[in-house]
Amino acid sequence: MRRMKFVLASNNQKKLIELRAILGAQGHEVLSLHDCGVESDPEETGQTFEQNALIKARSACAAAGIPAVADDSGLVVDALGGAPGVRSARYCPGSDADRVNFLLKNMQSVPDGKRTARFVSAVACVFPDGREIVARGECEGVILPAARGTGGFGYDPVFYVPQEKMTFAELPPQRKNAVSHRGRALAAFSERLKEILG
Ligand code: IMP
């Protein structure tokens, strides 16, 4: 398969590290917007993860002129009717820790057994010639009543994966990449990419 150079349509350093690890293992190079000397921060007006990933990838591809990859992801909590969902990054103002605390507060009265949730990731890739790929990955888990672990980012410390017996923040990064929503979406994306690149 041809080795490709992509721009990541995100300013999130942690996502860049995860994407570089996953796509780099297949010989692809992932540049940041900064590496390409461009800016791209479109409003995420989509109703779904797929729509928002495409909005970001189209904008970055137009700005950088090379294939752009975007991930739109979030946490879908059953007891909260799917919140924070596509609004995960904007669930409340402040830091990741503030958003985790807000989530825990909103789930204070939710008993064990009803704290099921999943991380969802949509990965979109847009080529300068207009071709588009979208792939989705999910990872099932449970929201703990208190944070555990220091790795990862976002809601990782409260997202417990029963099969791994650890939170995302406790998993070694390679293991998180292997089982995570983003890892799964990127694996599906890689298959589609192989078909397209031949
Ligand atoms: P996005 O940049 O619009 O895709 O925002 C995704 C948000 O969902 C992040 O800011 C985090 O709050 C949350 N999120 C997505 N993926 C992860 C993950 O792997 N771990 C923890 N939180 C995540």
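**Overall fold and sheet architecture**

The chain comprises five helices and seven strands. The model is predicted. Read from the N terminus, the elements follow the order β-α-β-α-β-α-β-β-β-β-α-α. The chain has a radius of gyration of 17 Å, close to the 16 Å that the globule rule gives for 198 residues, so it is as compact as a globular protein of that length. Along the principal axes, the C-alpha atoms occupy a box of roughly 50 × 30 × 25 Å.

Burial, contacts and surface were computed for the chain. Of its 198 residues, 48% are buried. Contacts were also examined by sequence separation. Among those between residues at least 6 apart in sequence, 59% link residues at least 24 apart. The exposed area of the chain is about 9,600 Å², and 51% of this area comes from carbon and sulfur atoms. The chain carries 25 positive and 23 negative charges. The mean positions of the two sets lie 3 Å apart.

The seven strands form an open sheet. Their order across the sheet is β2-β1-β3-β4-β5-β6-β7, and the pairing is mixed. Strands β2 (29-31) and β7 are the edges; each has a single partner strand, so one side of each is left without a neighbour in the sheet. In general, strands of a sheet pair through backbone hydrogen bonds, either parallel or antiparallel.

Several pairings in this sheet are antiparallel. Strands β3 and β4 pair in this sense over 10 bridges. Within this pair, D71 has V123 in β4 as its bridge partner. Strand β4 (residues 116-126) also pairs with β5, in the antiparallel sense, over 11 bridges. Here A117 stands opposite G141 of β5. The hairpin of β4 and β5 has five residues between the strands. In this hairpin, G130 adopts a positive phi near 100°.

Strand β5 (residues 132-143) has two faces. The covered face consists of I133, A135, G137, C139, G141 and I143. The uncovered face consists of E132, V134, R136, E138, E140 and V142. G141, the residue opposite A117, thus belongs to the covered face. β5 pairs with strand β6 (residues 159-161) as well, in the antiparallel sense, over two bridges. The partner of I143 in β6 is F159. I143 is also on the covered face of β5.

Individual loop residues were examined next. S32 lies in the loop between β2 and α2 (49-64). Its relative accessible area is 9%, under the 20% cut-off, so S32 is buried. Beyond its neighbours within four places in sequence, S32 is in contact with V7, L16 and R20.

The loop between β3 (68-77) and α3 (96-106) contains P84. The peptide bond joining A83 and P84 is cis, with omega about -5°.

K165 is located in the loop between β6 and β7 (166-167). Phi of K165 is near 55°, a positive value in a residue other than glycine. The relative accessibility of K165 is 63%; the cut-off for exposed is over 50%, so K165 counts as exposed. S32, by contrast, is a buried loop residue.

Note on methods:
Residues are numbered from 1 along each chain as its sequence is written. This is a predicted model: local features need pLDDT of at least 70, side-chain atom pairs count only at pLDDT 80 or more; totals for chains, interfaces and linings use all residues. Side-chain values use heavy atoms; hydrogens and water are left out. Helices (H or I, at least four residues) and strands (E, at least two) are DSSP runs, numbered from the N terminus. The radius of gyration is taken over C-alpha atoms; the globule rule is 2.2 Å times the number of residues to the power 0.38. Buried means under 20% relative accessible area, exposed over 50%, partly exposed in between (1.4 Å probe, protein chains only). Contact means heavy atoms within 4.5 Å. Accessible areas come from the Shrake-Rupley method with a 1.4 Å probe; for residues, only the protein chains shown count as cover. Lys and Arg count as positive and Asp and Glu as negative; His and the chain ends are not counted. The place of a charge is taken as NZ of Lys, CZ of Arg, CG of Asp or CD of Glu. Two strands pair if DSSP finds at least two bridges between them.
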